[in-house]
Amino acid sequence: MTIQIDDVRIAAMRAAFAVPRRAVLVAHKGPDGDALGSLLALQAFLLKQGHTVCAVTPNACPEFLRWMPGYDRSTVYMTNRAEVDRAIAEAEYIFHLDYNDLARTSDMAVALSHAGAVHILIDHHLQPVIQATWSFSEPSMSATAELLYEVLHAWDASLIDRDIATCIYAGMMTDTGCFSYNVPRSETFRTVAALMDYGIDRDAVSAAVYDNYSEHRQRLLGYCLSRKMEVYPEQRAALIVLTRDEQLQYHYVEGDSEGFVNYPFAIRGIRFVAFIREDEDRIKVSLRSRGDFDVNEIARRYFNGGGHRNAAGGDMTLPLQTVVGRFYQVLENL
Ligand code: 5GP
Ligand code: MN
């Protein structure tokens with residue numbers, strides 16, 4: 001299935017950006033490889049065109065993503081609030097990358113919703129609720145980065161370079177577990193081939209992301225699998241709950257539990273996994289599934305969240321045991 005990127009919107013954007021503009025680029029809270037890769041690829045593209053760019057993540061991204069080209073030029077809202085608020089107030093264009101709801105930008109949502117700028121959405125989540133003048137919303141895309149590649153390619157292919165291609169590849173690789181899920185379209189691999197032609201180093205990207213953990217993180221993973229994982233063969237489900245105390249014990253830093261939710265799938269028969277983490281001020285839930293099992297619906301109904309059919313999440317300020325109780329409720333209703 002080829003996704004046709006609408007020429008009318010691209011032409012309008014090309015015309016709008018024919019003169020130097022002030023743009024703010026935003027990715028979602030708890031930035032993952034796709035969020036950061038999309039953010040930095042677009043940052044590089046717009047800078048090459050000569051625009052004034054403020055690329056922001058609501059909070060800091062995990063250590064293992066900070067190698068990405070252009071990272072040093074991006075900003076974190078939590079630590080540079082005044083500067084970003086000013087950029088948002090002065091922005092002519094605001095790009096929303098890899099989220100479908102302003103709530104996913106956390107503390108930035110108020111400032112963004114009051115901004116007088118033209119809003120542009122580039123995202124692959126289901127059911128977007130962001131009102132954008134130009135909206136590129138394609139849930140069949142493996143990653144926002146893949147959709148962004150199509151947009152940039154249609155906009156001005158001559159500006160795509162090795163750094164931009166690297167960021168886009170990193171976004172696609174991380175959102176698909178190295179192309180092992182959420183890749184329904186053969187075109188995705190054609191895009192990877194095109195990115196390789198820009199000279200990206202796939203081995204280096206893979207090593208930078210997956211062979212770059214701390215010893216503490218690796219031991220925490222072992223602890224979660226051996227001591228914290230509960231398996232429910234009848235429901236073909238598994239659960240891992242990680243408390244705040246356990247995190248402290250393993251010197252947890254942001255991003256350390258990224259990907260833990262995928263490990264139980266290695267057990268034969270498992271098709272539904274929940275990972276519940278007790279953070280300082282909230283409970284974060286990650287849900288994953290295989291096949292037709294829809295975790296987007298479960299995230300919406302039980303965990304104040306959403307996402308994709310096979311990868312969703314939510315966060316809540318309820319007590320940990322209440323959130324865990326909701327998981328058991330889901331199991332009972334299966
Ligand atoms: P993760 O489990 O890796 O944090 O998130 C997986 C996917 O679930 C994300 O790509 C996003 O679509 C969705 N997601 C995660 N947390 C939330 C949340 O708090 N609210 C909503 N609406 N979606 C979320
Ligand atoms: Mn994504």
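Two strands are said to pair if DSSP finds at least two bridges between them. That notion of pairing guides much of this tour, which concerns a predicted model.

**The whole protein**

Begin with everything displayed. The protein contains 12 helices and 12 strands. Its radius of gyration is 20 Å, close to the 20 Å that the globule rule gives for 334 residues, so the protein is as compact as a globular protein of that length. Measured out along the principal axes, the C-alpha trace spans about 60 × 40 × 40 Å. Colour the residues by accessibility next: 52% of the 334 residues are buried. The surface that the protein exposes amounts to about 14,900 Å², and carbon and sulfur atoms supply 47% of it. If the charged residues are then selected, 32 positive and 43 negative charges appear, and the mean positions of the two sets are 2 Å apart.

**The six-stranded sheet**

Select strands β1 to β6. They form an open sheet with parallel pairing, in the order β3-β2-β1-β4-β5-β6. At its edges stand β3 (75-76) and β6 (134-137), each of which pairs on one side only. Now restrict the view to residues 118-123, which are strand β5, together with β6: four bridges join these two strands in the parallel sense. Which residue of β6 is the bridge partner of L121? The partner is S135.

**T176 in its loop**

Move to T176, in the loop between α6 (162-175) and α7 (187-197). Is T176 buried or exposed? Its relative accessibility is 0%, so T176 counts as buried. Leaving aside residues up to four places away in sequence, T176 touches S142, Y181, N182 and V183. Add D34 to the selection: D34 and T176 lie 142 residues apart in sequence, and their C-alpha atoms are 9.6 Å apart in space.

**Strand β8 and its partners**

Finally, select residues 237-242, strand β8, where six of the six residues are buried. One side of β8 carries A237, L239 and V241 and the other carries A238, I240 and L242; both faces are covered.

Show residues 229-232 as well. This is strand β7, which runs antiparallel to β8 and is joined to it by four bridges. β7 and β8 form a hairpin with four residues between them, and in the turn R236 has a positive phi of about 55°. Then add strand β9 (residues 272-278), which pairs with β8 in the parallel sense over six bridges. End the tour by centring on I240 of β8: I240 is the bridge partner of M229, and in β9 the bridge partner of I240 is F275.

Key. Residues are numbered from 1 along each chain as its sequence is written. Chains are lettered from A and ligands numbered from 1 in the order in which they are written. This is a predicted model: local features need pLDDT of at least 70, side-chain atom pairs count only at pLDDT 80 or more; totals for chains, interfaces and linings use all residues. Side-chain values use heavy atoms; hydrogens and water are left out. The radius of gyration is taken over C-alpha atoms; the globule rule is 2.2 Å times the number of residues to the power 0.38. Buried means under 20% relative accessible area, exposed over 50%, partly exposed in between (1.4 Å probe, protein chains only). Accessible areas come from the Shrake-Rupley method with a 1.4 Å probe; for residues, only the protein chains shown count as cover. Lys and Arg count as positive and Asp and Glu as negative; His and the chain ends are not counted. The place of a charge is taken as NZ of Lys, CZ of Arg, CG of Asp or CD of Glu. Contact means heavy atoms within 4.5 Å.
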